[in-house]
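The following exercises are to be worked with the sequence and the three-dimensional model in view. Each task is followed by a solution in steps.

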Amino acid sequence: MSINEQENFRDSIATIDKEGKRNFIHPKKPKGRYTSYRTYVSWFLLAILFASPFIKINGNQFLLFNIIDRKFNIFGQPFWPQDFYLLVLSLLVSVVFIILFTVIFGRIFCGWMCPQTIFMEMVFRKIEYWIEGDRNKQIKLSKQSWNAEKIRKKTVKWFLFALVSFMIANAFLAYFIGGDVLIQHVKDGPLAHVDTFLKLLVFTTVFYFVFAWFREQVCIIACPYGRLQGVLLDNKSIVVAYDHKRGENRQKLRKKENREEKSYGDCIDCKQCVLVCPTGIDIRNGTQLECVNCTACIDACDDIMDTVGFDRGLIRYASENNIEKGEKFSYNARIKSYIVVLTLLLTFLVTLLFLRNDVQANFLHLPGQLYTTEGETIRNVYTFKLINKTNNPYEDIDIQLMSHEGKIEVVGGQINIPKGGLYEGTLFVKIDKSELSSSKEKIELGIYADGELIEESHTNFSSPLQVK
């Protein structure tokens, strides 16, 4: 058989038939140790996903990404647009971690932690199994005419899909507008907050489309992470793999037949690994883009091996080198370099987080105003912003000039900053000419709370070109 003939399975995907129409996959319901482990992990992650917008730490939402109001909470810690550099660095850390994780463990994230897989396999497919039955019953129901049974089952399934999609949409929206805000909008009713209700309908429609129709095609066609697989994986990466050296030459099992004498492998060509696959691939063809490492084929194969009396592990977590040469996993130069880069980035990020000030101050000249003179005194006017990044309010803030002898007058008097809040104001800085040495001089301002210096800030002070 030529290489082209061996690889022709890559020319098409299971979700599209020969005529180019949508082919719905009906995987057999998986069962086994890995399915049980994944179920427990899914319950835990689903609990976190739905609870995070409503968990409070020191009065702050556990996770909040309010882009419109520019409010962000990460693990209960408030962040501001001024902390954007931390976000960029965090994204770099995440990218390097994903690369390292993929190089070592392949697409294991997709099978165990990806929200798309968790919702599809652990929520929506379970609803499908409960209402329509296992694979054969689903196929039979799809092919039969629209009688009372089919209408009833499809209607109930689609209704539950829509209901779950609506619940997901609510949780999703809570991450962006806040859990408390969402609850209040629900209490007030849709007519009181039409914009929120419309957003919920849009998100519900999107989620329903994804999980009721697009389904596994998200992983096969749309997901960019799946495309990285071909770039990042090598023959040392641990993936869900078929041991072809042990399994081939595959042959159906016949009673009282000496398989060793006929050089048959342990694969009895039962195709159970194909029937349980949620993306419709045959894992025996090797590593494929469509494989999300969900382990359903491992459980199905282990069950068959137990039945026929062969050893488990014909399909297992393994690298290509492990199967071909029996090599165990080892840290090569590529993996070590990623670890070094990740360690450096993490160290830098943690250092910046510890050095992050509780209060951030910004002072800018009032547009169109450089300076005014009052005898021998030069006056500059500034607008300023004080951002409280903590969960504690600051009251009666005092701003003092630290670098020069002078006077500061704050318009409005007392400055109070609520927890996680922002204060904007205007102030005048007055400095005697004798204190100045240039027309654009650096001055240092100190922000004090209860007599304690909590932040320092620098800005420019303008004065006439000729100073003494």
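The exercises below concern strand pairing, a buried acidic residue, a helix pair and salt bridges.

The model is predicted, so local features need pLDDT of at least 70 and side-chain atom pairs count only at pLDDT 80 or more, while totals for chains, interfaces and linings use all residues. Residues are numbered from 1 along each chain as its sequence is written, and side-chain values use heavy atoms, with hydrogens and water left out.

**Exercise 1. Determine the strand order of the sheet that contains β14, and state which strands lie at its edges.**

Step 1. Strands are DSSP runs of E with at least two residues, and helices are runs of H or I with at least four, numbered from the N terminus. Two strands pair if DSSP finds at least two bridges between them.

Step 2. Strand β11 (residues 398–401) is joined to β14 by four antiparallel bridges; Leu-401 has Leu-445 as its bridge partner in β14.

Step 3. On pairing with strand β15 (residues 452–462), β14 forms ten bridges, again in the antiparallel sense. Leu-445 is matched with Ser-457 of β15, and Glu-441 with Phe-461.

Step 4. The result is an open sheet of three strands in the order β11-β14-β15. Its edge strands are β11 and β15, each of which pairs on one side only.

Step 5. The hairpin of β14 and β15 has two residues between the strands, and Asp-450 in the turn shows a positive phi of about 50°.

**Exercise 2. Describe the surroundings of Glu-444.**

Step 1. Glu-444 belongs to strand β14 (residues 440–449). Eight of the ten residues of β14 are buried (under 20% relative accessible area; exposed is over 50%, partly exposed in between; 1.4 Å probe, protein chains only), so the strand is largely enclosed by the rest of the structure.

Step 2. Glu-444 is itself buried but has no salt bridge (a side-chain nitrogen of Lys or Arg within 4 Å of a carboxyl oxygen of Asp or Glu). The nearest side chain of opposite charge, Lys-442, is 11 Å away; Lys and Arg count as positive and Asp and Glu as negative, without His and the chain ends.

Step 3. Leaving aside residues up to four places away in sequence, the contacts of Glu-444 (heavy atoms within 4.5 Å) include Met-402, Glu-456 and His-458.

**Exercise 3. Classify the packing of helices α7 and α8.**

Step 1. Helix α7 (residues 148–177) and helix α8 (residues 179–188) pack at an angle of about 120°, and their axes are 7 Å apart. Axes are lines fitted to C-alpha atoms over the stretch in contact, with angles from 0 to 180 degrees between N-to-C directions.

Step 2. This angle makes α7 oblique to α8, because angles under 35 degrees count as roughly parallel, over 145 as roughly antiparallel, 65 to 115 as roughly perpendicular and the rest as oblique.

Step 3. Among the residues making the contact are Leu-173 and Ile-177 of α7 and Val-181 and Leu-182 of α8.

**Exercise 4. Which parts of the chain does the salt bridge of Arg-22 and Glu-216 tie together?**

Step 1. The whole structure holds 23 salt bridges. In one of them, the side chains of Arg-22 and Glu-216 meet at 3.3 Å, N to O.

Step 2. Arg-22 lies in the loop between α1 (3–6) and α2 (33–51) and Glu-216 in the loop between α9 (194–214) and α10 (217–222), so the pair ties together parts 194 residues apart in sequence.

Step 3. Arg-22 counts as buried at 17% relative accessibility, as does Glu-216 at 3%.
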